Amino acid sequence: MTFRAKLIFSTAVLALAAGTARADDDSVEVLHWWTAGGEAAALNVLKEDLEAQGIGWQDMPVAGGGGAEAMTVLRARVTSGDAPTAVQMLGFDILDWANQGALANLNDLAEQEAWDEVIPAAIQEFAKVDGKWVAAPVNVHSTNWVWANKSVLDAHGIAVPANWEELTAAVEALSAAGVTPIAHGGQPWQDATVFEAVLLSTGGSDFYKAAMIDLDPEALGSETMGEVFKRMDFIRAHVDENFSGRDWNLATAMVINGEAGFQMMGDWAKGEFLRAGQVPGQDFLCFRFPGTADKVTFNADQFAMFDQGGTVSPQQAALAQAVLSPKFQSAFNVVKGSVPARTDVSDADFDDCAKQGMKDVAAAAASGDLMGSLAHGYGAPASVKNAIFDVVTAHFNGEFDSESAVDELVDAVAIAQ
Ligand code: GAL
């Protein structure tokens, strides 16, 4: 039996055993990891949109930023023949499930709604497989942002740092004043989110592409990579002592509350500032990681539809259609912190950070500086991504010095491929 046949067979058996047929059910079950305040508020925009169309929502939240835990739950659900209708998914995970024949073909809808014309090529690469649309892109996040508490910076006479040297000076000034300079959550995906921004700043776009996308052993083992790990040592030396295991949104709260100066995090962090009633430019500042001003490492959240028996169910189609509608793309992303996945959505309702984000994404796409985020599944397949996470986190926690971290990285990536 092919994977798909097995899936259909076991789903049918399960439906029979439960005495219900999924097709009669007017709801969508959505597996996602949007459990922080700003994320849940954004998800609510989607729930309400569907409810207005008479489509019920079965929520399947799996907490854990970056989605590693959600992907583990997904594998267990599919293995037991009970795949959710729709799943929040990123990059290579979408390609993996599609290549196993597990995802529904959304081409009818995509043609009707002209997705080919409005979704950037960089995202289509992760939403289409063998000419078939297998996922509906919700947004474009980017990971190379820094978030700052404006009063904390003003109180210490610190201007927005434009390069690594200015960043280290700002961090040292806060440290000397007894303020935690960097709010960080010590979880592998968060360590890697900071690492990829440092890497892009240190080596530039070509180095990022060579190391994080092409997995070139020379780039991975280079002196530049040694410098990246040294810079990670600097960051590690300027986080507070309770960083280990902290959730990303709690680190954001430290900046919101003025307990820390900066957080280096993707623009989902903005959702937390907005939820706390803060205004960009007045209460908090957003700027590209110093040294990455004209570059973007992106991750686009998408909903992949699991094949529930050969055709796309009306509920799946309604979800995909809702997600891609220009009105929804604006309403959702205004709250989420991301920018629209469609290129034809007006920026009128967006705040200054998002307006800058939209310009940055368009400019980076035109100049060849729009690159997939390794930390969020758009650089390399999960096996390589996880191998890189292991080295970055072990180094961050003092297991290797920066020189051995370079050797470990080269080996780990070679073994994982
Ligand atoms: C990312 C995801 C974002 C955000 C973040 C933290 O991987 O793309 O939407 O939710 O994780 O949970």
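**The ligand and its cavity**

Modeller: An oxygen atom of the ligand lies 3.2 Å from a polar backbone atom of Gly66. The model is predicted.

Biologist: Why is the pair at Gly66 called a polar contact?

Modeller: The cut-off for a pair of N or O atoms is 3.5 Å. The Gly66 pair, at 3.2 Å, is therefore a polar contact.

Biologist: What makes the Trp33 pair a polar contact?

Modeller: A polar side-chain atom of Trp33 is 3.2 Å from a ligand oxygen atom. That is within 3.5 Å, so the pair counts.

Biologist: How far is an N or O atom in the side chain of Asp301 from an oxygen atom of the ligand?

Modeller: The distance for Asp301 is 2.6 Å. It is within 3.5 Å, so this pair counts too.

Biologist: How much of the ligand's accessible area does the protein cover?

Modeller: On its own, the ligand has 300 Å² of accessible area, and the protein covers 100% of it.

Biologist: Which residues around the ligand come nearest?

Modeller: There are 13 residues around the ligand. Glu39, Asn299, Asp301, Lys336 and His376 come nearest. By class, the shell has 5 nonpolar, 5 polar and 3 charged residues.

Biologist: Which domains supply the shell around the ligand?

Modeller: Domain 1 (3-141 + 300-361) and domain 2 (142-297 + 370-416) each give at least three residues.

Biologist: Where does the ligand sit?

Modeller: The ligand takes up the space of the largest cavity.

Biologist: Why is that space called a cavity?

Modeller: The test uses the protein atoms alone: a 1.4 Å probe fits but cannot get out, so the space is a cavity.

Biologist: How much space lies in the largest cavity, and what lines it?

Modeller: The largest cavity holds about 90 Å³. Of its 15 lining residues, Trp33, Glu39, Gly66, Trp268 and His376 are closest to the centre. The lining has 6 nonpolar, 6 polar and 3 charged residues.

Biologist: How many cavities of 30 Å³ or more are there?

Modeller: The count is 2. The second largest has a volume of about 30 Å³. Its lining includes Ile182, His184, Gln190 and Met264.

Definitions and conventions
Residues numbered from 1 in each chain as written. Predicted model: local features only at pLDDT ≥ 70, side-chain atom pairs only at ≥ 80, totals over all residues. Heavy atoms only, no water. Near = heavy atom within 4 Å. Polar contact = N/O pair within 3.5 Å; in protein donor to acceptor, adjacent residues only side chain to side chain. Areas by Shrake-Rupley, 256 points an atom, 1.4 Å probe, with all protein chains shown as cover. 1 Å grid on protein atoms, 1.4 Å probe; cavity = no way out; pocket = protein on both sides within 12 Å on 5 of 7 lines; lining within 4 Å. Sits in = over half its atoms within 2 Å of the grid points. Nonpolar A, V, L, I, M, F, W, Y, C, P; charged D, E, K, R; others polar. Domains from an automatic or database assignment. Points joined across faces, edges and corners; volume = space filled by probe spheres on them.
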